[in-house]
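Work through the exercises below with the sequence and the 3D view at hand. Each task is followed by a solution in steps.

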Amino acid sequence: MWAASTPRSDRLIALFADGTGGFYDLRTDRRVPRSVIRLPFEPTSAVRTANRLLVVGGGNLQGIDLTTGRTTGPALHQAGKIHGIVADRDALHILTREDAGLQARTLAGAKVGSIIDATDATDATDATDATDATDATDATDATDATDATDATDATDATDAT
């Protein structure tokens with residue numbers, strides 16, 4: 001379940017446990033009757049813009065009007081999965097997180113420019129992790145070597161006595 005604010009201060013738009021969406025009245029603490037929003041997919045992520053909720057799930061992206069609850073643009077279905085979405089308040093800049101990386105989109109859902117390759121971000125993280133691991137190993141090796149030398153020196157001193 002999730003919820004987002006709407007232009008009305010006394011109302012949220014929400015996904016309920018039964019899988020449907022709708023409005024929730026904050027004054028009565030109840031779902032607004034007859035405000036059922038049905039989507040042909042299971043929502044996994046959403047972002048609120050000024051006047052709509054952009055919902056994604058599977059290979060789908062659907063806009064929902066925050067005042068009426070009616071579906072609106074963008075409406076998109078594609079073969080590849082859309083895992084997440086971010087947008088600015090006016091939905092002038094929309095990014096979807098997909099298997100291949102980040103994709104900029106228009107409010108109509110059309111792709112803009114090239115996809116930002118997800119492996120670029122992964123490579124940078126892997127390089128950092130590898131450096132951290134090397135540094136930790138080097139420090140451990142140096143300590144181990146010092147400890148071994150100290151122990152040997154102490155033994156040598158005892159033997160000399």
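The exercises go from the whole chain to single residues of this predicted model.

**Exercise 1. Describe the secondary structure of the protein chain and the order of its elements.**

Step 1. The protein chain holds 1 helix and 12 strands.
Step 2. Read from the N terminus, the order is β-β-β-β-β-β-β-β-β-β-β-β-α.
Step 3. Of the 161 residues in the protein chain, 30% are buried.
Step 4. The protein chain exposes about 9900 Å², with 54% of this area supplied by carbon and sulfur atoms.

**Exercise 2. Decide which part of the protein chain should not be read in detail.**

Step 1. The average pLDDT of the protein chain is 79, and 72% of the residues score at least 70.
Step 2. Over residues 121–161, pLDDT stays under 50.
Step 3. For residues 121–161 the model has 0 contacts beyond four places in sequence.
Step 4. Where pLDDT is low, predicted coordinates should not be read in detail. Residues 121–161, with pLDDT under 50, are the stretch to set aside here.

**Exercise 3. Trace how strand E2 is paired on both the E1 side and the E3 side, and state whether E2 is enclosed or open.**

Step 1. Strand E1 (residues 2–5) pairs with E2 in the antiparallel sense, over 4 bridges. Within this pairing, alanine 4 is opposite isoleucine 13 in E2.
Step 2. The link from E1 to E2 is a hairpin of 5 residues.
Step 3. E2 is also antiparallel to strand E3 (residues 21–25), to which 5 bridges join it. Here leucine 12 has tyrosine 24 in E3 as its bridge partner.
Step 4. E2 and E3 form a hairpin too, with 5 residues between them. In its turn, glycine 19 has a positive phi of about 90°.
Step 5. Buried means under 20% relative accessible area. In E2 (residues 11–15), 4 of the 5 residues are buried, so this strand is largely enclosed by the rest of the structure.

**Exercise 4. Find the strand order in the open sheet of 4 strands, and explain why one side of E9 has no neighbour in the sheet.**

Step 1. The order is E9-E10-E11-E12, with antiparallel pairing.
Step 2. Strand E9 (82–87) and strand E12 (111–117) are at the edges and have a single partner strand each, so one side of each lacks a neighbour in the sheet.
Step 3. From one strand to the next, the twist averages 20°.
Step 4. Strand E10 (residues 94–98) and strand E11 (residues 101–105) are joined by 5 bridges. One bridge partner pair is arginine 97 with leucine 102 in E11.

**Exercise 5. List residues of the largest nonpolar core.**

Step 1. This core has 10 residues in all, among them Ala4, Ile13, Phe23, Val32 and Phe41.
Step 2. A second, separate core has 8 residues, including Leu54, Val56, Ile82 and Ile85.

**Exercise 6. Identify backbone features at aspartate 29, arginine 34 and proline 74.**

Step 1. Most residues other than glycine have a negative phi, and most peptide bonds are trans.
Step 2. Aspartate 29 is not a glycine, yet its phi is positive, about 55°. This residue lies in the loop between E3 and strand E4 (30–31), and its 52% relative accessibility makes it exposed.
Step 3. Arginine 34 has a positive phi of about 60°. Its place is the loop between E4 and strand E5 (45–48), and arginine 34 is exposed, at 81% relative accessible area.
Step 4. The peptide bond from glycine 73 to proline 74 is cis, with omega near -5°. Proline 74 is in strand E8 (residues 71–77).

Definitions and conventions: Residues numbered from 1 in each chain as written. Predicted model: local features only at pLDDT ≥ 70, side-chain atom pairs only at ≥ 80, totals over all residues. Heavy atoms only, no water. Buried < 20%, exposed > 50% of the residue type's maximum accessible area, 1.4 Å probe, protein only. Helix = DSSP H or I, 4+ residues; strand = E, 2+ residues; numbered from the N terminus. Pairing = 2+ DSSP bridges. Areas by Shrake-Rupley, 256 points an atom, 1.4 Å probe, with all protein chains shown as cover. Axes fitted to C-alpha atoms, helices over the stretch in contact; angles between N-to-C directions. pLDDT = per-residue confidence, 0-100. Contact = heavy atoms within 4.5 Å. Core = buried A, V, L, I, M, F, W, Y, C linked by side-chain atoms within 4.5 Å.
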